[in-house]
Structure formats: C-alpha cells, structure tokens
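Colleague: Please take a close look at one part of this model for me. I would like the binding site described in one go.

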Amino acid sequence: MTHSSSTLSVPINSAVPRHIAIIMDGNGRWATRRFLPRFAGHAKGVEAVRNIVEACATRGVEYLTLFAFSSENWRRPEEEVSLLMRLFVTALEREVGKMHNNGIRLRVVGDLSRFDTKLQEMIANAERKTVNNTNLTLTICANYGGRWDVMQAVQKMLAEGGSDTGVAFTEDQLAKHLAMAYAPEPDLFIRTGGEQRISNFLLWQLAYSELYFTDTYWPDFNGAELDKAIVSYQQRERRFGRTSEQLEKQKKAS
Ligand code: IPE
Ligand code: IPE
Ligand code: MG
C-alpha cells in the first residue's frame with residue numbers, strides 16, 4: 001500500500017490540503033427558496049461541481065472527492081432519482097472531454113452494479129480515457145455508502161485470506177480493499193447546506209480528517225467559499241493523538 005493510515009504517519013500540515021472530500025448538500029433547499037422545482041437545484045449543483053473542480057486544480061489540490069448519490073438516496077421519489085441519473089449521464093457526456101484536456105483523472109466509486117448498463121459503460125470509458133492524467137484526481141461517489149465500502153472490503157479481505165494467525169487481520173489488509181485505496185485519506189472534509197452529519201460518507205477514511213461545515217447551499221459554493229474552508233483548515237493543529245508539545249519539538253527538529 002502506498003498510503004497507509006494517516007493516523008500512523010507523522011502529520012504534515014501542508015499549505016493546501018492534498019485531499020478534499022465534500023458532501024454537496026442543499027440543492028433542494030436552494031431551489032425551494034427560489035420557488036423552483038428541486039430539479040433546478042440539482043442542475044445548478046452541476047455548475048458548482050464544474051467550478052469547484054477547476055478551483056481545486058488551480059489551488060494544487062491533488063484529490064477531490066464528491067458525494068453525488070448515497071446508498072440511501074434511492075429512498076427519494078422515483079422521479080427525483082431518475083432525474084439525478086439523467087443529470088449524471090449528461091454531465092459525463094458534456095464534461096469528460098474537457099476534464100481530459102485539463103489533465104483530470106476521473107474515478108467513480110460506489111456500488112455501480114445498480115446503475116443501468118449504459119451508465120456503467122460510460123463510467124468505464126471515462127475512467128479509461130483519463131487514467132493517465134496527473135493534475136487532479138476527481139472521485140465521484142455514486143451509490144456509495146461508507147458501510148457498503150467497509151463491508152465490501154471485509155469480504156475481499158476474507159476471500160484473499162492470508163492473515164498470519166488465521167484470524168487477526170491488520171488495518172492495512174482491510175484498507176487496501178476500500179474503494180478509494182488509490183488515494184490518501186481526506187485532509188479536509190466539507191459539508192455544505194447546514195447539516196452537521198456524515199450521512200454514511202467515507203466512514204473509515206474520515207477518521208482523522210478536519211471537518212468543516214457551512215450553511216451555504218451547494219449551488220452557491222464557489223472558489224471564495226472553498227478558500228474560507230482551506231483557511232479554516234490551515235488554522236487547525238492536526239495532532240493525531242499526540243500533544244502540542246510533541247508537534248512543536250518535531251517542527252523545530254525538521
Ligand atoms: C444534495 O442536495 C444532492 C443529493 C443528495 C443528490 P439535496 O437534494 O439533498 O438538497 P436538500 O438537502 O434537500 O436541500
Ligand atoms: C448526503 O446528502 C448525500 C449526498 C450529498 C449525495 P443527503 O441530503 O442525502 O443527506 P441526509 O439524508 O440529509 O442525511
Ligand atoms: Mg440533503
């Protein structure tokens with residue numbers, strides 16, 4: 001594994017977070033406030049995605065992970081679910097070429113088996129096309145759930161076997177099967193839309209992420225809002241269980 005758990009490594013508070021993970025919430029309320037159908041909020045939300053991807057690339061963020069559709073979002077009215085699927089398809093059709101030109105690598109993670117085959121193929125093609133890009137890795141979490149992720153990783157780990165004692169597996173043996181094993185754990189977690197909860201997003205990987213909540217609805221989230229979150233992040237002291245004094249000593253030594 002190239003990226004072992006950040007809780008084990010020495011924390012380095014780099015100027016810009018390497019990995020930002022966002023729960024893009026508030027599309028529906030953004031629309032309702034304007035007496036528009038929820039659909040209008042989701043459509044506007046796609047524009048915000050475009051802006052934030054560009055803003056992150058400009059700022060040198062290496063990994064951006066966006067929660068687009070949760071395992072629980074199937075519980076929404078059928079009409080809204082199918083609309084979200086259509087938006088996803090159009091966004092892929094329109095944006096993948098541009099992303100590729102901008103050096104962005106696209107990954108889509110989640111239980112994709114529940115999507116129709118056309119969408120699954122589009123995803124596979126987009127991932128294949130952008131696989132060698134190195135500017136920014138954009139991960140879209142679609143039909144994703146943190147519990148699903150841990151469970152599928154456990155199942156793969158057990159199928160692989162190979163624990164030394166027969167029963168005791170290590171964290172790394174599980175982590176390498178998580179859907180986002182290719183990325184370091186998120187440094188900064190952002191949730192827009194005012195709710196302060198994780199909603200079954202990256203449960204394992206958020207263990208030591210800095211959390212940032214804003215009331216701004218996702219369609220209004222822009223580069224300036226992103227900068228506020230980054231400034232807040234830069235003011236945090238990431239201790240990973242250590243004391244402030246230890247960190248001071250370490251800083252002086254380096
Ligand atoms: C987030 O916005 C987008 C998805 C979950 C797909 P919401 O649709 O949850 O917006 P609110 O929370 O109802 O305002
Ligand atoms: C979380 O938002 C999921 C996504 C943004 C895709 P929700 O709006 O579905 O979360 P809850 O239901 O309010 O927790
Ligand atoms: Mg919501």
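Which residue has a polar side-chain atom 2.8 Å from an oxygen atom of ligand 1? Please build the picture of the site outward from there.

Modeller: It is Asp-25. The model is predicted, so local features need pLDDT of at least 70 and side-chain atom pairs pLDDT 80 or more, while totals for chains, interfaces and linings use all residues. Residues count from 1 along each chain as written, chains are lettered from A and ligands numbered from 1 in written order, and side-chain values use heavy atoms, without hydrogens or water.

Asp-25 is one of the polar contacts of ligand 1 (N or O pairs within 3.5 Å). Arg-38 offers another: a side-chain N or O atom of Arg-38 is 2.9 Å from a ligand 1 oxygen. Gly-26 uses its backbone, where a polar atom is 3.4 Å from an oxygen of ligand 1. Alone, ligand 1 exposes 380 Å² (Shrake-Rupley, 1.4 Å probe). The protein buries 87% of that.

The shell of ligand 1 (residues with a heavy atom within 4 Å) includes Met-24, Asn-27, Gly-28, Arg-29 and His-42. Ala-68, Asn-73, Arg-76 and Leu-84 are also among its members. Helix H1 (27-33) and helix H2 (38-59) each give two or more residues to this shell (DSSP runs of at least four residues for helices, at least two for strands). H1 gives the most, with three.

Now ligand 2. Asn-73 places a polar side-chain atom 2.9 Å from an oxygen of ligand 2. For Arg-76 the distance is 3.3 Å, and for a side-chain N or O atom of Arg-197 it is 2.8 Å. The protein covers 78% of the 390 Å² that ligand 2 has on its own. Its shell includes Ile-23, Met-24, Asp-25, Phe-67, Ala-68, Arg-191 and Ser-199. E2 supplies the largest share, four residues.

Ligand 1 occupies the largest pocket, and ligand 2 sits there too (more than half of a molecule's atoms within 2 Å of the grid points). A pocket is an open set of points on a 1 Å grid over the protein atoms alone, where a 1.4 Å probe fits, with protein on both sides within 12 Å along at least five of seven lines; lining residues have an atom within 4 Å of a point. This pocket has 45 lining residues. Met-24, Asn-27, Val-49, Phe-67 and Ala-68 lie nearest its centre. H1, H2, strand E2 (63-70), helix H3 (78-101), strand E3 (104-109) and strand E4 (136-144) each supply at least two residues of the lining.

Notes:
A polar contact is a pair of N or O atoms within 3.5 Å; within protein, one must be able to donate a hydrogen and the other to accept it, and residues adjacent in sequence count only if both atoms are side-chain atoms.
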